[in-house]
Amino acid sequence: MVEITYHKEGDFFVPDLYLEKDNYENNYIIGKYGHLRLEYLKNHKKAEYIIMFMNKTLRKHIVETDKQAKERFEILMKQMLEKNPIDENLKNTDSLKWTGLMNNYNHCIEEIILKELIY
């Protein structure tokens, strides 16, 4: 049985909680999508966030979500370019148009990822 210690703040006793070091893929650097998922859990799914935090599964969830999102981005971009190819000569002749098309693809794919995996 784990003994819980408390400290007093004002008139209340607050448990001394700390997070044990979670070594799940310790060398993995969490990217944009992992951080977005973490913020979403903190702000909109507090109960789910607390349960994962206490069960020490939060880091695993965030890392897996980040990996899935990056993989999904690559797959969707490849599919998008196969169905709607952009001529590479356009990059040299009209770079602004090429940049605009690529940004459009990026935003479309990001919306899909945000709806499917993050929110």
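This report walks through the helices of a predicted model, along with a few side chains that stand out.

**Helix 1 and helix 2**

Let's start with helix 1, which covers residues 32-44 and includes Arg37. Charged or not, Arg37 counts as buried, because its relative accessibility is 11% and the cut-off for buried is under 20%. Apart from residues up to four places away in sequence, Arg37 touches Glu48, His61, Ile62, Thr65, Leu117 and Ile118.

Two packed helices are described by the angle between their axes and the distance between the axes. For helix 1 and helix 2, the axes cross at roughly 115 degrees and come within 5 Å. On the helix 1 side, the residues that meet helix 2 are Arg37, Leu38, Leu41, Lys42, Asn43 and His44; on the helix 2 side they are Lys46, Glu48, Tyr49 and Met52. Sorted by class, that contact is a mix of four nonpolar, four charged and two polar residues.

**Rings**

A pair of aromatic rings is described by the distance of the centres and the angle of the planes. How many aromatic pairs does the count come to? The count is two, and here they are:

| Pair | Centre to centre | Angle between planes | Type |
|---|---|---|---|
| Tyr40 and Tyr119 | 5.3 Å | 65 degrees | edge-to-face |
| Tyr49 and Phe53 | 6.2 Å | 25 degrees | stacked |

Take the edge-to-face pair: Tyr40 is in helix 1 and Tyr119 is in the segment after helix 5, so the pair ties together parts that are 79 residues apart in sequence. Are these two residues buried or exposed? Tyr40 counts as buried at 16% relative accessibility, whereas Tyr119 is exposed, with a relative accessible area of 52%.

The stacked pair is a more local affair: Tyr49 and Phe53 both sit in helix 2 (residues 46-54), four residues apart, which puts about one helical turn between them. An α-helix has 3.6 residues a turn, so residues three or four places apart point the same way. Phe53 counts as partly exposed, at 27% relative accessibility.

One more ring has a charge for company: Lys67 lies over the face of Tyr28, at 5.4 Å from the ring centre.

**Helix 3**

Helix 3 runs over residues 58-83, and its 26 residues should span 38 Å at 1.5 Å a residue; the end C-alpha atoms are 37 Å apart, so the two values agree. Its buried residues are Leu58, Ile62, Val63, Thr65, Asp66, Ala69, Phe73, Leu76, Met77 and Met80. What do those buried residues pack against? Their partners are helix 1, helix 2 and helix 5.

**Helix 5**

Helix 5 gets the same length check: 24 residues should span 34 Å, and the end C-alpha atoms are 32 Å apart, which agrees. Trp98, Met102, Tyr105, Ile109, Ile113, Leu114 and Ile118 are buried in this helix. The cover over them includes helix 1, helix 3 and helix 4 (88-93).

Trp98 deserves its own look. This helix 5 residue counts as buried because its relative accessibility is 19%, against a cut-off of under 20%. Leaving aside neighbours within four places in sequence, Trp98 is in contact with Ile86, Asp87, Glu88, Leu90 and Lys91. Of those, Asp87 is eleven residues away along the chain, and the C-alpha atoms of Trp98 and Asp87 are separated by 8.5 Å.

Conventions:
Residues numbered from 1 in each chain as written. Predicted model: local features only at pLDDT ≥ 70, side-chain atom pairs only at ≥ 80, totals over all residues. Heavy atoms only, no water. Helix = DSSP H or I, 4+ residues; strand = E, 2+ residues; numbered from the N terminus. Buried < 20%, exposed > 50% of the residue type's maximum accessible area, 1.4 Å probe, protein only. Contact = heavy atoms within 4.5 Å. Phe/Tyr/Trp six-rings, centres within 6.5 Å; stacked < 30°, edge-to-face > 60°. Lys NZ or Arg CZ within 6 Å of the ring centre and 35° of its normal. Expected span 1.5 Å × (residues − 1). Axes fitted to C-alpha atoms, helices over the stretch in contact; angles between N-to-C directions. Nonpolar A, V, L, I, M, F, W, Y, C, P; charged D, E, K, R; others polar.
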